[in-house]
Amino acid sequence: MKILVKRGEITDFKSEAVVVPYFEDGKELQGKVKHLDKNSGGLIREIIGGGDFEGKHLQVSVTYTRGIIPAKRIVLAGVGKKADFTTEKLRGAFAHAARHVRSLKLREFSTSLDFILSGRPLDEIAKAVVEGVCLGLYQYTSFKTIDRDKMEGMKEFAIIAETEKAFNIIGSAAKEAEIISRAVCFTRDMVSAPGNEMTPTDMANEARKIAKRKNIKLTVLDEAEMQKIGMNALLAVARGSEEPAKLIILEFRGGNKSDPPIVFVGKGLTFDSGGISIKPSEKMEEMKSDMAGGAAVMGAIMAAADLSLKVNAVGLIPATENLPGGRAYKPGDILKSLSGQTIEVLSTDAEGRLILADALTYAGRFKPAAIVDIATLTAACVIALGDHVTGMMGTDDKLKRKIKDAADATEEKVWELPLWEDYYELIKSDVADYKNHGGRPGGAITAAAFLSKFVGNYPWVHLDIAGPAWLTKDKPYIPKGASGVGVRLMVQFLRHWQKRGRN
Ligand code: BES
Ligand code: MN
Ligand code: ZN
């Protein structure tokens with residue numbers, strides 16, 4: 001889909017449909033909406049007066065303009081009460097409107113941001129609108145062969161700007177939002193892909209596509225190379241599978257040479273059967289999404305490069321399957337990690353923390369300014385916070401603050417769980433340094449406590465996305481399935497870092 005920003009008057013613009021966002025309590029038409037109403041002979045007043053449409057959030061109503069204005073249809077999109085306005089609501093409203101337009105088999109539509117008298121900066125509004133449209137229209141159709149022509153997507157979305165100044169602001173904001181949305185959809189595609197089509201080798205191939213960009217270097221360590229340096233925790237998980245594990249390293253150098261990088265570490269478990277501690281078969285297919293953290297890191301690096309951010313950022317993705325093969329690792333096994341510390345395996349289903357442990361240790365090689373890991377790590381996190389919230393734990397208050405700020409800006413919900421000393425007792429092993437399972441109570445936290453033991457002396461934050469990575473129900477601008485959670489958050493974090501550095 002092409003996103004266009006054009007100079008002109010919305011009332012003069014020819015299009016299949018013009019989306020008019022509308023506040024629920026706007027008793028009197030205001031600004032551009034009033035103007036459009038007047039030009040269309042009172043069409044909007046008629047719809048609202050008739051009671052068909054109140055402007056409740058996500059409500060959509062379509063009417064034909066019968067040639068009174070050049071646009072064929074007016075699509076009213078409810079934004080809810082003005083007092084409750086957030087850009088998140090706008091994303092949702094535009095996602096719903098765009099999907100409705102698509103369901104009418106239209107291939108093109110338009111809008112004007114002058115309809116939205118919210119008092120928020122224009123660039124913020126423009127970004128939310130473009131994100132809502134791009135993310136809301138997402139479909140995963142790679143493997144559909146029947147009626148493909150009917151699945152054809154939207155061709156064009158135009159934002160009409162009246163003034164030169166608005167045109168410029170909207171133009172650059174829309175471009176940015178398009179880059180970020182594309183990265184989110186790239187991540188969604190990877191996560192949606194089935195395990196047989198998204199193996200560790202396939203992930204490395206996707207990384208190769210990203211690495212075609214300027215200032216990106218890709219290194220992929222194979223099993224022999226990992227063995228040489230002693231990444232035995234990661235390799236233990238891989239042993240039950242015939243698919244070779246990979247450590248994918250994407251280095252983006254957009255900043256000064258001497259600036260220490262941010263290292264993002266993403267769990268790349270391309271299929272988690274649980275291994276010998278095998279999972280119940282019900283819903284096991286969803287475990288193809290256990291590489292969502294890794295895919296999000298790849299999406300974030302891709303967006304950072306496309307936005308030419310002036311920061312250095314490294315993406316580290318330990319990628320493997322977790323299967324119960326004949327050579328699989330077993331409960332009771334003791335592993336010597338890359339850090340030299342030993343781990344007793346109590347559950348082969350607590351594999352994420354094992355591959356992350358070695359990757360986090362490896363991250364130290366970059367002398368990072370900060371390390372952020374992102375992983376579909378524990379069901380316990382979903383129990384604690386619900387399936388729409390990312391759990392955050394970490395050792396550095398400043399870094400946690402920055403992640404929280406980025407989460408607030410992108411409206412990807414993040415909530416902190418404590419990482420108190422008491423929890424460390426639960427991961428001590430009788431026979432090794434640590435065990436990989438701390439029991440059910442505080443399961444999300446003991447997993448993070450475990451990870452912390454493998455992070456060198458660097459500011460570190462862990463994000464548990466087991467809940468929000470995969471949706472079983474549609475959300476306003478996230479169709480059910482892979483959400484791409486974390487991409488917007490990490491990109492926002494980097495943009496902030498570009499401005500302020502570690503302060
Ligand atoms: N990948 C799972 C966590 C998960 C579960 C993500 C459900 C998304 C939805 C992880 O590898 C896992 O199996 N964790 C175990 C850990 C336990 C054995 C300590 C869990 O959460 O049950
Ligand atoms: Mn598991
Ligand atoms: Zn897992």
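## Two metal ions and two pockets

In this structure, the zinc ion (ligand 3) and the manganese ion (ligand 2) lie 3.1 Å apart, with D272 coordinating both. Please keep in mind as you explore that this is a predicted model.

Let's start with the zinc ion. Its partners in the protein are K267 (NZ), D272 (OD), D290 (OD) and E351 (OE), at 2.0 to 2.4 Å. Along the chain, these zinc donors follow the spacing K-x4-D-x17-D-x60-E. Two of them sit in loops: K267 in the one between β9 (262–266) and β10, and D290 in the one between β10 and α9 (292–306), so this pair ties together parts that are 23 residues apart in sequence.

Now turn to the manganese ion (ligand 2). Its protein donors are D272 (OD), D349 (O), D349 (OD) and E351 (OE), found 2.1 to 2.2 Å away. In sequence, the manganese donor residues are spaced D-x76-D-x1-E. Here D272 belongs to strand β10 (residues 268–272), while E351 is in the loop between β13 (342–344) and α10 (352–363); the pair links distant parts of the chain, 79 residues apart.

Which arrangement do the donor atoms form around each ion, octahedral or irregular? Around zinc, the six donor atoms subtend angles of 79 to 176°, which makes the arrangement octahedral. Around manganese, the six donor atoms subtend angles of 69 to 167°, and that arrangement is irregular.

Are these metal-binding residues buried or exposed? D272 has a relative accessible area of 3% and E351 one of 1%, so both count as buried, because buried means under 20%. K267 is buried too, at 2% relative accessibility, and D290 is likewise buried at 2%.

The model also has pockets, and here are two of them side by side.

| Pocket | Volume | Lining residues | Lining by class |
|---|---|---|---|
| Largest pocket | About 1,100 Å³ | 36 residues | 12 nonpolar, 12 polar, 12 charged |
| Second largest pocket | About 600 Å³ | 25 residues | six nonpolar, six polar, 13 charged |

In the largest pocket, the lining residues closest to the centre are K279, T378, A379, A380 and V382. Helix α11 (379–385) is among the elements that supply at least two lining residues there, and α11 gives the most, with four residues.

For the second largest pocket, the lining residues closest to the centre are E124, K127, A409, T410 and Q492. At least two lining residues each come from α3 (87–103), α4 (122–136), α12 (397–410) and α14 (487–500). The largest share, eight residues, is from α14.

Key: Residues numbered from 1 in each chain as written. Chains lettered and ligands numbered in written order. Predicted model: local features only at pLDDT ≥ 70, side-chain atom pairs only at ≥ 80, totals over all residues. Heavy atoms only, no water. Donors = N, O, S within 2.8 Å, 3.2 Å for Na, K, Ca; no water. Tetrahedral: all angles 85-135°; square planar, octahedral: opposite > 155°, others 65-115°. Buried < 20%, exposed > 50% of the residue type's maximum accessible area, 1.4 Å probe, protein only. 1 Å grid on protein atoms, 1.4 Å probe; cavity = no way out; pocket = protein on both sides within 12 Å on 5 of 7 lines; lining within 4 Å. Points joined across faces, edges and corners; volume = space filled by probe spheres on them. Nonpolar A, V, L, I, M, F, W, Y, C, P; charged D, E, K, R; others polar.
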